[in-house]
Number of protein chains: 2
Amino acid sequence: MTLAAIYGVGTSRFARQRGLLAEQLAWPAVLEAAGEAGTALADIDAVFVGSVFGEPGVAQRVLRGLGISRVPVYTIENACASGATAFHEACHAVAAGRYRLVLALGVETMTTKFDRAIEPMAADAEGAIGFGMPAIYGMAANLYQHRHGLTDRQLALVAVKNFANALDNDRTDAGARYSVEEILSSRLIADPLTRRQCCSLTDAAAAAIVGPARGAGRDVRVRSSALLSGALWDQRSTSAWGFDLVRDTAEQALGQAGLGIEDIGVFEVHDAFTIGEIVTTEALGLCAEGEGGELVESGATARDGKYPVNPSGGLLARGHPLGATGLAQIAEICWQLRGEAGGRQVPGARLGLTETMGGGAAGLDGNACVVTVLEG
Amino acid sequence: MTLAAIYGVGTSRFARQRGLLAEQLAWPAVLEAAGEAGTALADIDAVFVGSVFGEPGVAQRVLRGLGISRVPVYTIENACASGATAFHEACHAVAAGRYRLVLALGVETMTTKFDRAIEPMAADAEGAIGFGMPAIYGMAANLYQHRHGLTDRQLALVAVKNFANALDNDRTDAGARYSVEEILSSRLIADPLTRRQCCSLTDAAAAAIVGPARGAGRDVRVRSSALLSGALWDQRSTSAWGFDLVRDTAEQALGQAGLGIEDIGVFEVHDAFTIGEIVTTEALGLCAEGEGGELVESGATARDGKYPVNPSGGLLARGHPLGATGLAQIAEICWQLRGEAGGRQVPGARLGLTETMGGGAAGLDGNACVVTVLEG
């Protein structure tokens with residue numbers, strides 16, 4: 001089964017770019033994707049945009065400057081999975097034959113809106129008492145450590161790996177060769193998560209141009225894309241926060257693609273916090289539940305390991321421009337599958353997988369998970 | 001051609017309901033729709049939500065309280081056409097065979113966020129200088145009056161008609177028998193538009209449950225739904241603001257349905273301001289361009305006229321809860337086509353049309369228009 005093909009991808013830089021307009025981030029991403037695709041923007045016949053904090057109408061404003069008008073434009077909010085959801089919808093719209101050439105775009109101007117962290121909204125009772133995303137992940141990490149004996153050192157190894165991977169990613173300056181001790185001695189944010197285990201506010205955009213499979217050599221095929229929303233956790237679950245939803249979504253995506261997890265050669269997953277990557281690798285089935293710490297320690301998720309996870313640097317190093325994140329993951333997997341990832345290339349990967357979580361400002365009310373399987 | 005069938009619709013009350021949570025508005029709308037449809041909420045397998053100012057994650061929060069979880073949830077922002085866009089996507093997802101039973105929901109808590117009018121956002125340079133929606137419509141009305149000789153009295157007649165229609169709408173208390181003089185002597189908002197010619201901030205929700213056509217007698221068939229976004233106006237257009245986009249979208253919707261405008265027996269259109277209904281009736285082809293004033297004056301758009309427009313009271317009387325408006329229009333047309341509209345029933349209508357505009361906070365950057373053709 002093939003839903004659609006990706007003709008081209010592109011991104012802006014990933015950095016604190018305070019004061020830049022959404023246009024200034026989105027335009028280079030779209031133009032790069034169109035350049036890769038070899039398509040004229042005038043031929044795009046629908047646009048799906050992922051954005052969480054963009055003001056109403058921002059998508060049309062961005063597109064107008066590119067001369068894209070009088071086509072359907074859908075702006076989708078699905079928390080941190082907004083860009084992934086836009087891509088998901090773009091692919092399904094192509095599969096349904098609704099459109100021929102679709103732009104999926106994610107864009108977020110985070111540092112213009114927030115200074116250091118996402119502030120809770122008025123109606124967010126959990127956020128108001130400090131129970132924002134770092135606290136949620138911190139508590140999940142605590143519980144997980146208690147249950148499975150995960151060590152602080154194993155948690156830190158996720159960040160060590162991803163920041164090192166980002167050294168070879170020329171779209172961010174955040175790459176660094178940190179020691180475990182440097183990760184653990186950075187400022188404590190939400191016990192046991194230290195600063196370097198939490199993704200940064202980042203301004204960026206990412207784009208993909210999608211259409212029907214056409215046999216062009218450079219195209220990346222979208223084998224499947226699954227999306228689930230809902231209660232990510234309840235007090236009766238014996239699993240860590242997010243585990244159930246990621247597992248169910250991944251099973252659906254792999255099932256639709258007719259593949260097993262062992263077929264996948266490269267992964268971009270939602271490591272907004274180190275514990276997120278640990279839990280996600282387990283939920284994807286890269287190891288048994290409770291063994292994610294050993295998995296990263298074994299080197300299996302390193303770029304030269306059996307299951308390379310976040311060769312781009314992931315959300316931890318690249319940052320997390322909410323609406324753009326899912327499409328940045330898609331872009332990275334495309335470059336990996338085409339053998340164009342330069343110094344961070346995973347050799348020989350033919351199939352790749354992205355996983356994006358939307359934890360949402362409403363905390364435990366849960367949100368979304370999108371899993372996509374791509375073939376080079 | 002039939003995209004999908006509407007199994008049931010529902011709405012909350014339409015009023016200033018400050019302090020009510022999105023849940024308190026959405027739940028009665030969804031439960032009414034499910035009751036009409038005779039479906040269990042547990043059988044819903046995807047949800048499309050329209051909301052402009054809802055905080056991230058609000059849709060999942062609302063749905064969680066209804067026990068709807070672990071299905072795809074898409075929250076779509078498309079300015080004032082957000083609810084219409086959610087419905088459009090729900091129908092196309094059903095038509096593509098992606099889902100069997102889809103909830104389309106629009107919800108907006110306006111008066112909790114804004115006091116008297118929508119305030120411009122930080123990045124909205126036009127809004128910052130006072131060029132918000134009332135000013136845009138006011139300038140459009142000025143230009144239109146200059147070009148076509150539309151009188152203040154003709155403009156006011158739109159409001160007279162719609163407020164009178166709302167007297168028979170038990171979902172709002174805003175209905176009133178105003179004279180032309182009372183409309184014209186209400187406070188001036190944006191010359192020539194007076195207060196009673198501008199829709200009110202309103203808190204409400206509206207819902208529809210959609211699935212494949214199944215031959216059930218009470219179902220309403222969705223013959224077509226078209227959506228365009230883009231530049232609503234440029235300085236070279238000889239038409240009033242919005243005319244071109246409404247005309248093009250309506251042509252697409254009617255063309256897909258294989259119908260002409262003369263086939264349609266009842267209309268719910270976007271009368272956020274009186275001039276909007278005038279321009280829309282022309283763009284739909286109910287009269288020639290420039291003759292919308294005569295059309296309303298002739299009584300043709302009254303409930304017992306040839307082309308009944310806004311029998312519900314429209315946005316002018318019912319109010320304009322942005323994300324809910326498009327679905328409120330759909331609900332009204334369903335009740336009309338089923339002969340269940342009570343005192344405001346248009347006799348014998350077999351086909352109905354909704355038109356929703358999204359002007360957007362970005363003003364002249366334009367936004368969206370959705371036109372849907374329904375058959376009872």
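Hi everyone. Let me start right in the middle of this one: strand E3 of chain B is covered on both faces, with Val73(B), Thr75(B) and Glu77(B) buried on one side and Tyr74(B) and Ile76(B) buried on the other. That fits the pattern for strands in general, where side chains of a regular strand alternate between the two faces of the sheet. Please keep in mind throughout that this is a predicted model.

How many of the five residues of E3(B) are buried? Five of the five, so the strand is largely enclosed by the rest of the structure.

Now, who are the neighbours of this strand? Within its own chain, E3(B) pairs with strand E2, residues 46-50 of chain B, in the parallel sense over four bridges. If you want a place to look, Gly50(B) stands opposite Ile76(B). Then there is a partner from the other chain: E3(A) is joined to E3(B), residues 73-77, by three bridges, and these two strands run antiparallel. Ile76(A) has Ile76(B) as its bridge partner, and Thr75(A) stands opposite Glu77(B).

That takes us to the interface as a whole. As a general remark, the size of an interface is often given as the accessible area lost when the parts come together. Here chain A and chain B bury about 3,700 Å² between them, and 49% of that is on carbon and sulfur atoms. On the chain A side, Pro56(A), Arg64(A) and Arg70(A) lose the most area to chain B, and together they make up 19% of what that side buries. The contact takes in 43 residues from chain A and 43 residues from chain B.

What about polar interactions across it? The count is 20 residue pairs in polar contact between chain A and chain B, with both residues at pLDDT 80 or more. Which elements of chain A give two or more residues to the side that touches chain B? They are helix H2 (58-65), strand E3 (73-77), helix H3 (82-95), strand E8 (220-230) and helix H9 (243-257). Of these, E3(A) gives the most, with five residues. By residue type, that side of chain A divides into 21 nonpolar, twelve polar and ten charged.

There are also four salt bridges across the interface of chain A and chain B, and I'd like to stop at one of them. The side chains of Glu89(A) and Arg98(B) meet in a salt bridge, at 2.7 Å from N to O. Glu89(A) sits in helix H3 of chain A. Is this charged residue buried or exposed? Glu89(A) comes out at 3% relative accessibility, so it counts as buried, the cut-off being under 20%. Its surroundings come from both chains: leaving out residues up to four places away in sequence, Glu89(A) touches Phe48(A), Ile76(A), Phe48(B), Tyr74(B), Glu89(B) and Arg98(B). So you can see E3 residues of both chains turning up again, Ile76(A) and Tyr74(B) among those contacts.

Let me move on to the backbone. Most residues other than glycine have a negative phi, and most peptide bonds are trans. A few spots here go the other way. A cis peptide bond joins Asp191(A) and Pro192(A), with omega about 10°, and the bond from Asp191(B) to Pro192(B) is cis too, with omega near 5°. Pro192(A) lies in the loop between strand E5 (188-190) and strand E6 (193-194) of chain A, and Pro192(B) is in the loop between E5 and E6 of chain B.

For positive phi, have a look at Ala79(A), where phi is near 55°. Ala79(A) is in the loop between E3 and H3 of chain A, and it is buried at 3% relative accessibility. Asn310(A) has a positive phi as well, near 60°. That residue lies in the loop between helix H11 (292-297) and helix H12 (314-318) of chain A, and Asn310(A) is buried, with a relative accessible area of 0%.

One last stop, Ala159(A), in helix H7 (residues 152-166) of chain A. Ala159(A) is buried with a relative accessible area of 0%. Beyond its neighbours within four places in sequence, Ala159(A) is in contact with Ile183(A), Arg196(A), Thr274(A) and Leu316(A). With Leu316(A), the C-alpha atoms are separated by 6.8 Å, although the two residues are 157 residues apart along the chain.

That's my tour, thanks for listening!

Note on methods: Residues are numbered from 1 along each chain as its sequence is written. Chains are lettered from A and ligands numbered from 1 in the order in which they are written. This is a predicted model: local features need pLDDT of at least 70, side-chain atom pairs count only at pLDDT 80 or more; totals for chains, interfaces and linings use all residues. Side-chain values use heavy atoms; hydrogens and water are left out. Contact means heavy atoms within 4.5 Å. Buried area is the accessible area (1.4 Å probe) that two parts lose on being put together, summed over both. A polar contact is a pair of N or O atoms within 3.5 Å; within protein, one must be able to donate a hydrogen and the other to accept it, and residues adjacent in sequence count only if both atoms are side-chain atoms. Ala, Val, Leu, Ile, Met, Phe, Trp, Tyr, Cys and Pro count as nonpolar, Asp, Glu, Lys and Arg as charged, and the others, Gly among them, as polar. Two strands pair if DSSP finds at least two bridges between them. Buried means under 20% relative accessible area, exposed over 50%, partly exposed in between (1.4 Å probe, protein chains only).
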